[in-house]
Amino acid sequence: VQLQASGGGLVQAGGSLRLSCAVSGSIFSINDMGWYRQAPGKERELVATITSDDSTNYADSVKGQFTISRDNAKNTVYLQMNSLKPEDTAVYYCKAEVRIARWRPKNNYWGQGTEVTVSS
């Protein structure tokens with residue numbers, strides 16, 4: 001199973017970016033998907049998660065600013081980031097809970113990270 005994240009970049013404060021993360025490989029089912037971020041010198045933190053039935057959860061710091069969504073047909077999760085602030089600067093990682101066969105347990109897989117830099 002591989003997760004390929006994309007969409008990061010350099011943006012001015014107040015701008016928007018849309019991150020994508022596509023899951024590929026041997027997949028029976030994908031349960032929860034999510035985005036996390038790690039700013040320089042800080043620990044990795046949860047940004048948002050989405051369940052297989054589209055229930056969402058957000059960190060307080062991004063509520064009303066970021067929107068997580070998924071396309072199950074494409075095995076892809078998205079993160080729409082609006083009104084970006086310098087404090088949103090971080091490497092953003094996607095995670096997916098994947099079952100590779102009906103009789104196998106679910107495992108968490110991580111993408112390689114995509115860098116978001118917000119200039120003031």
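**Entry 1: a loop residue to start**

I began at N75, which I found in the loop between β7 and β8. Before going on, a reminder to myself: this is a predicted model. N75 caught my eye for its backbone, since its phi is positive, near 50 degrees, and it is not a glycine. I jotted down why that deserves a note: most residues other than glycine have a negative phi. I also looked up how open N75 is, and it comes out partly exposed, with a relative accessible area of 25%.

Then I went looking for another case and landed on S83. Its phi is also positive, about 50 degrees, and S83 is not a glycine either. Where does S83 lie? I traced it to the loop between β8 and β9. S83 has 46% relative accessibility, so I put it down as partly exposed.

**Entry 2: the core**

Next I turned to the largest nonpolar core, which has 30 residues. Which of its members touch the most other members? I wrote down W35, V47, F66, I68, L79, M81 and Y92. Then I checked which elements give two or more residues to this core, and the list is β1, β3, β4, β5, β7, β8, β9 and β11. The largest share comes from β9, with five residues.

I picked M81 for a closer look. Leaving out residues up to four places away in sequence, M81 touches G15, S16, L17, L19, Q65, F66, Y92 and V116. Two names there, F66 and Y92, were already on my list of core residues that touch the most other members.

**Entry 3: salt bridges**

My reminder for this page: side chains of opposite charge can pair when their charged atoms come close. How many salt bridges does the model have? The count is four.

I started with E45 and R37, which form a salt bridge with their closest N and O atoms 2.7 Å apart. The two partners sit in unlike surroundings: E45 is partly exposed at 37% relative accessibility, while R37 is buried at 6%.

R37 turned up again in a salt bridge with D88, where the closest N and O atoms are 3.0 Å apart. R37 belongs to strand β4 and D88 to the loop between β8 and β9, so this pair ties together parts that are 51 residues apart in sequence. D88 is buried too, with a relative accessible area of 2%. Putting these together, I noted that R37, E45 and D88 are linked in a network of salt bridges.

I also looked up K106 and E97, whose side chains meet in a salt bridge at 4.0 Å, N to O. K106 is partly exposed, at 38% relative accessibility.

**Entry 4: charges and rings**

I went through the rings after that. How many aromatic pairs are there? I got one.

I found charges over rings as well. The charged end of R18 sits over the ring of Y78, 4.0 Å from the ring centre. R44 lies over the face of W110, and there the distance to the ring centre is 4.7 Å.

**Entry 5: strand β11**

I saved β11 for the end. I knew what to look for here: in a regular strand the side chains alternate between the two faces of the sheet. In β11, T114, V116 and V118 make up the covered face, whereas E115, T117 and S119 are on the uncovered one.

Which way does β11 run against its partners, parallel or antiparallel? With strand β2 (residues 9-12) the pairing is parallel, over four bridges. With β9 the strands run antiparallel, and three bridges join them. For a concrete residue on each side, I noted that G9 has V116 as its bridge partner in β11, and that V91 stands opposite E115.

Last stop was S119, which is in strand β11. With 27% relative accessibility, S119 counts as partly exposed. Which residues is S119 in contact with, once its neighbours within four places in sequence are set aside? I listed L10, V11, Q12 and A13. I also checked S119 against G15: the two are 104 residues apart along the chain, yet their C-alpha atoms are separated by 9.7 Å.

Key
Residues are numbered from 1 along each chain as its sequence is written. This is a predicted model: local features need pLDDT of at least 70, side-chain atom pairs count only at pLDDT 80 or more; totals for chains, interfaces and linings use all residues. Side-chain values use heavy atoms; hydrogens and water are left out. A nonpolar core is a set of buried Ala, Val, Leu, Ile, Met, Phe, Trp, Tyr and Cys residues joined through side-chain atoms within 4.5 Å. Buried means under 20% relative accessible area, exposed over 50%, partly exposed in between (1.4 Å probe, protein chains only). Contact means heavy atoms within 4.5 Å. Rings of Phe, Tyr and Trp (its six-membered ring) pair if their centres lie within 6.5 Å; planes under 30 degrees apart count as stacked, over 60 as edge-to-face and the rest as tilted. A charge sits over a ring if NZ of Lys or CZ of Arg is within 6 Å of the ring centre and within 35 degrees of the ring normal. Two strands pair if DSSP finds at least two bridges between them.
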